[in-house]
Amino acid sequence: MSEYNTYPAGCQPNGNGPGGTTRAECPVGGFQNYQYDDDGIFESGYITVPTGGWRGSPYGAGWGTQVVGDRVPVGGMQHSLARRQVDDDNKVTDMGVNFKYNVDDHWSFAVDAQRVKAKHDNLDVSVFGSNFADQEVDLTGNSPDVILHKPLNLGNPTSPELSGATDDEYFSNPRYTFWRAAMDHAEKSRGDQWSFRGDITYNFLDDVPFLRRAKFGARYADRDQTVKYSTYNWGSLSEVWSTAVFMDQVGGANVEQYSFNNFFRGDTTRPPTANYYAGDLIDGYQNAIDFFESVQAAGVAGGGSANSWNSLANRPGVVPGTLFLPSEIQEVSETNKAAYAMLNFGSDEPIFGNVRLDGNIGIRYVTTKVTSLGSIGVPSQSALGITNPFAIRCAVPPPPAPQVPPTGVCLLGPAGYADLQTWATGQTTEDLAKNDYHYWLPSLNLKFGLTNDLILRFAASKNLARPEMANIRNFLTIGSDTSAGFQLTATAGNPFLKPAISKNFDASLEWYFARVGSLTFNAFYKTIHNFFFQDVTNRDITSNGITQTVIVRGPANYDGNGKVKGFEIAYQQTFDFLPGLLSGFGINANYTHIKSKGLPNSMLNGGAPVNTPPGGVSGNLPLEQLSKHNVNIEGFYEKGPVSFRLAYNWRSKFLLTAADVIFPYDPIFNDKTGQLDASAFFSVTKDIKVGVQAVNLTNEVTKTLQQFTTTGLLGPRSYFMNDRRFSFILRGTFTPAPPPPPAPPPPPPPPPPPPATQTCADGSVILATDACPVPPPPPPPPPPAPERG
């Protein structure tokens, strides 16, 4: 909670600890101690800092800033009052084409091509005011209850204004809040991908007994990204240990009060009304920069030196015309090629008894080439806030001011401080990293039809998961951490990451007891090699003849094997046996039990890996994102045009990351969580639906936990309320009308009419245009009979 020691209310201000620091001087019976649970983890208490570090000269001292006891109390923890705005723009263009051709009943071909272009632009700007407060904290409920108080120890002497201010007046009056820091961040990234695939299928059609289909093909993808991603550019505007600039001194219309109405929906005490920057940090980005620089100028005019912030574009070494340093620009290319062959087999006839067998066996070969171009180097003096000489940056006011030793970078001493200034040249060197890998990935799936309703399945495979493009960027961003003295820290990419390789074994038994009803049991076991995690290592970096040790946090492959095993039980049924409208009701439910093992606890020691765990207790963290217990229950109704769904999902705690983003890099877990969602739709027509979706109806609060011992003790780290969310939806399916059927072929022309005929005298039929044949002449008459006499 504070870089200085904290104690319960009632402990006395003092400087009697080592080196003039505060020690616990808490009279017995004079204060209420903190409350702890059975494991010794803090639960509630009134937390104070009886005496902080150097915050300026005392009120009425006649020298220095004279703010302590007037504008700034001696005690209390420092708090930030942040105003932040983010403008985020994503655009993805996806074009594809597909071609299929069936040569005959046996052979078929398919070809696909795809082009994807993407861009991501982001501007993220924050400004921080600051004051000091004691905290009354209660972590025993579902939501944390934190009440801020004006510090109990204000200083001696104390001005009438400060001593007479109530808690509300103290937090709402701009004279007690100073401008502390600003931070900006930008991204302008572009991505482009071409991908192609071709598949050939041969259907055996009973030509070969037991063989159904053979399939083989190839894939190709070429991905290119240009990432321009700045650091989160934090720097001071003014500080109490130098010359603080208060909001009533510089601010005016740029200061406004904000009240957190309905904070956490009333489930906890809201923060007090306080003063914040009033301007627009996105559309008024340049105006904000001008104002922040006016605050710094006011501090310098008052003798201050805590003005380390420069806007992104004004940092030394920025690429002209951009907001980015050379070290913040990376070009990443990844080319993936793959070929595969698969054989499907099976028979409708039993192989023995009544058991039928279907399945497939296949092999895939994949190869990947990566090139990652970046600039690696060290930060500038400005980035580390060490442009001034040690005598100015770390000056201690002469007596009678309290001789409080300097902290932060000043703990390095004059020689160490000078070495750091020599080291911090801001120079970078272009660095091209290349990586390639290839793997054979076999698979086998078997399906046994034990009966018509009972199916047994077995599966074995070897799979590959490539690292995300963001993790193979070639960069190293160095900053500092002052939470425990002074330490150079860095975040880094890793172009040499290999893919995570899993070997998977599954078996399931499925019982289909109804037309739309099933009960299944699945058991699984996986070993995962080279899985990804956030590693924390010490790296010696030499610059300008000086070597500094930097704690570097970045992605890495774990050399050992992670393991996942468990089982799942699932039930689903539509109650179509019920009468009438009730037959549309149904339910889906499943429970999954997972046991996983990942990183050994020996790696959790704040950045210096050793062979034994720092707490002396061996063991392993689970793999990230895997809960031990997972429950999903969904009730639904589907009947005619009406559709309803009500779903509840619950999971036990799970690991978010093995190393936090800040020192001391402890593992962070997500606490157990459950969420209730619902939806309702009505089909107006077969192509149009209207409905409503509701997410997080129970208004679940997401709670994260920090593991601070290797024995597994966890303490609260953060709470997030995501709110209930409702969406009103109109869905349309635009299906083009089928083309009209082809016009029938025209009828054949009618046969020509039969030609006109005539019947001749001899009985023959001839064309009417022809002449009948001439009849033969009549026979001669017979001769006369002779006369008789």
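Begin by selecting strands β27, β28, β31 and β32, which form an open sheet of four strands in that order, with antiparallel pairing. The model on the screen is a predicted one. The edge strands of this sheet are β27 (654-657) and β32, each of which pairs on one side only. From one strand to the next, the twist averages 35°.

Next, restrict the selection to residues 701-707 and 714-721. These are strands β31 and β32, which pair in the antiparallel sense over seven bridges. Two pairs of residues help to fix the register: glutamine 707 stands opposite leucine 714 in β32, and valine 701 stands opposite methionine 721 in β32. The two strands form a hairpin with six residues between them. In the turn, select glycine 712, where phi is positive at about 100°.

**A second sheet, with a helix packed on it**

Now select β17, β18, β22 and β21. They make up an open sheet of four strands in the order β17-β18-β22-β21, with mixed pairing. Strands β17 (476-481) and β21 stand at the edges with a single partner strand each, so one side of each is left without a neighbour in the sheet. The twist in this sheet averages 30° from one strand to the next.

Within the sheet, β17 and strand β18 (residues 487-492) run antiparallel and are joined by six bridges. To locate one of these positions, select serine 480, whose bridge partner in β18 is leucine 488. Then add residues 413-423 to the view: this is helix α6, which packs on the sheet and touches β17, β18, β21 and β22 (546-557). The direction of α6 makes about 65° with that of β22.

**Leucine 454 and its contacts**

Move to leucine 454, which lies in strand β16 (residues 454-465). Is leucine 454 buried, partly exposed or exposed? Its relative accessible area is 25%, and it is therefore partly exposed. Leaving aside residues up to four places away in sequence, leucine 454 touches Phe448, Gly449, Leu509, Glu510 and Trp511. For a distance to display in the viewer, choose the C-alpha atoms of leucine 454 and leucine 509: they are separated by 7.3 Å, although the two residues are 55 apart along the chain.

**Backbone features in the loops**

Most residues other than glycine have a negative phi, and most peptide bonds are trans. The next three stops depart from these patterns.

- Select asparagine 156 and proline 157, which are joined by a cis peptide bond with omega of about 10°. Proline 157 is found in the loop between β6 (145-149) and α1 (160-164).
- Select aspartate 206, which has a positive phi of about 70° although it is not a glycine. Aspartate 206 belongs to the loop between β7 (178-203) and β8 (211-228).
- Select asparagine 530, a residue other than glycine with a positive phi near 65°. Asparagine 530 is found in the loop between β20 (517-529) and β21 (532-543).

Which of the terms buried and exposed applies to aspartate 206? Aspartate 206 counts as exposed because its relative accessibility is 74%. The same question may be put for asparagine 530: is it buried or exposed? Asparagine 530 counts as buried because its relative accessibility is 9%.

**A nonpolar patch on the surface**

Switch to a surface display and select Phe99, Tyr101, Val103, Trp107, Phe109, Val111 and Phe216. Together these residues form a nonpolar patch on the surface, with about 650 Å² of accessible area. The elements that give two or more residues to the patch are β4 (77-102) and β5 (107-138). Which element gives the most to the patch? Strand β5 does, with three residues.

Within the patch, examine valine 103, which is found in the loop between β4 and β5. Valine 103 has a relative accessible area of 40% and is therefore partly exposed.

**The whole protein**

Finally, return to a view of the entire model. The secondary structure comes to six helices and 35 strands. Of the 789 residues, 39% count as buried. The protein exposes about 42,500 Å², of which carbon and sulfur atoms supply 56%. Among contacts between residues at least 6 apart in sequence, 68% join residues at least 24 apart.

Terms used:
Residues are numbered from 1 along each chain as its sequence is written. This is a predicted model: local features need pLDDT of at least 70, side-chain atom pairs count only at pLDDT 80 or more; totals for chains, interfaces and linings use all residues. Side-chain values use heavy atoms; hydrogens and water are left out. Patches are made of residues with over 30% relative accessible area and no salt bridge: like charges are joined within 9 Å, nonpolar side chains (Val, Leu, Ile, Met, Phe, Trp, Tyr) within 5 Å. Accessible areas come from the Shrake-Rupley method with a 1.4 Å probe; for residues, only the protein chains shown count as cover. A salt bridge is a side-chain nitrogen of Lys or Arg within 4 Å of a carboxyl oxygen of Asp or Glu. Buried means under 20% relative accessible area, exposed over 50%, partly exposed in between (1.4 Å probe, protein chains only). Contact means heavy atoms within 4.5 Å. Two strands pair if DSSP finds at least two bridges between them. Axes are lines fitted to C-alpha atoms, for helices over the stretch in contact, and angles run from 0 to 180 degrees between N-to-C directions.
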